[in-house]
Amino acid sequence: MGTMRRLAPFAVCCVIGTNVPARAEQSSQAGQEHAHHSFRWPEGKRAAVSLSFDDARLSQVDTGLDLFRRLGIKATFFLESNNIERRLAGWKQAVADGHEIANHTMTHPCTANYAFSLDNALESYDLQMMMAQLDGANAQIQKLLGVTPKTFAYPCGQKFVGRGLDVRSYVPLVADRFVVGRGYLDESANDPSVCDLAQAMGTAFDGMDFSQMKPIVDEAIKEGRWVIFVGHEIGKRGYQVTDVKALEELSAYLKDPANGVWLGTVEEVGRYIRQARSKP
Ligand SMILES: [Zn+2]
């Protein structure tokens with residue numbers, strides 16, 4: 001008995017000993033959790049928001065550029081590069097104004113179920129053809145506007161080529177070429193500590209008034225997330241039109257220091273996330 005009692009402290013010691021691997025595991029889990037919660041936006045900001053517009057629609061130049069200059073906002077324009085020459089001087093002005101010029105393919109292939117894409121359908125594409133779309137748009141933008149896109153938006157938010165057994169994801173092509181690949185009609189903002197930047201979520205804000213945009217931003221502030229808004233035309237609220245008045249109100253809200261929002265381009269925020277996560 002005496003011997004056992006004397007051993008007792010050793011037993012306790014051994015129990016602690018056997019716990020060492022478990023504790024190491026726990027602490028590495030805690031470490032990950034710590035990393036998760038310790039993601040910090042710059043300058044004490046609580047969330048990030050980017051405003052992006054797709055397709056090189058004419059109203060982005062005709063209405064958007066003046067509006068954004070007045071509001072002091074830098075947006076990200078994902079250009080369907082075959083459309084650039086319809087407003088070449090305007091897109092050059094967008095570059096001069098400091099907006100981000102980004103890639104949205106040359107001809108905007110989407111599923112054949114969208115009638116407009118019947119003759120340019122992802123179901124009929126292969127990865128080689130998609131590569132030509134990505135690199136061709138970059139070359140065209142470089143040639144016409146003198147800048148090289150660093151981010152990409154998937155046309156229609158669709159990320160595949162082919163059909164059935166031959167379907168392939170083209171996300172790796174995007175990951176290989178761009179800092180960020182942005183989706184569309186996604187139902188969540190991005191969690192900066194875990195999101196795949198090659199499949200960043202895009203939140204539609206066409207057809208909304210500010211009272212519909214605000215809760216999306218507020219949720220991101222609460223959760224420390226990154227909202228990438230996606231619009232098409234800029235004008236009077238409607239189908240695929242982001243409302244000018246809503247943009248004015250949104251801008252005021254985003255710029256109010258009390259709300260702690262970083263309003264950055266897709267490239268700026270994407271680069272910050274990448275760099276912040278690469279730190280030990
Ligand atoms: Zn598009």
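**Strand S1 and its neighbours**

Along S1, the residues Ala47, Val49, Leu51 and Phe53 point one way, while Ala48, Ser50, Ser52 and Asp54 point the other way, and all of them turn out to be buried. This is a predicted model. S1 covers residues 47–54, and with eight of its eight residues buried, the strand is largely enclosed by the rest of the structure.

What surrounds S1 can be followed through its pairings. With S9, which takes in residues 226–231, S1 pairs in the parallel sense over six bridges; here valine 49 sits opposite valine 227. S12 (residues 261–263) is another parallel partner of S1, this time over three bridges, and alanine 47 finds its bridge partner there in valine 261. S2, made of residues 76–79, also runs parallel to S1 and pairs with it over three bridges. In that pairing, serine 52 is matched with threonine 76 of S2.

S1 and S2 are also tied together by a helix: along with H2 (residues 58–71), they make up a right-handed β-α-β unit. H2 in turn packs against H7, a helix of residues 244–255, at an angle of about 25° and with the two axes 11 Å apart. Since angles under 35 degrees count as roughly parallel, H2 is roughly parallel to H7. On the H2 side, the contact comes from Thr63, Leu67 and Leu71, and on the H7 side from Val244, Leu247, Glu248 and Ser251. As for handedness, H2 passes H7 in a right-handed crossing.

Methods
Residues numbered from 1 in each chain as written. Predicted model: local features only at pLDDT ≥ 70, side-chain atom pairs only at ≥ 80, totals over all residues. Buried ≥ 20, exposed ≤ 12 C-beta atoms within 10 Å, placed from the backbone. Helix = DSSP H or I, 4+ residues; strand = E, 2+ residues; numbered from the N terminus. Pairing = 2+ DSSP bridges. Right-handed = clockwise from strand over helix to strand, strands pointing away. Axes fitted to C-alpha atoms, helices over the stretch in contact; angles between N-to-C directions. Parallel < 35°, antiparallel > 145°, perpendicular 65-115°, else oblique. Left-handed = near helix turned anticlockwise from the far one by under 90°. Contact = placed C-beta atoms within 7 Å.
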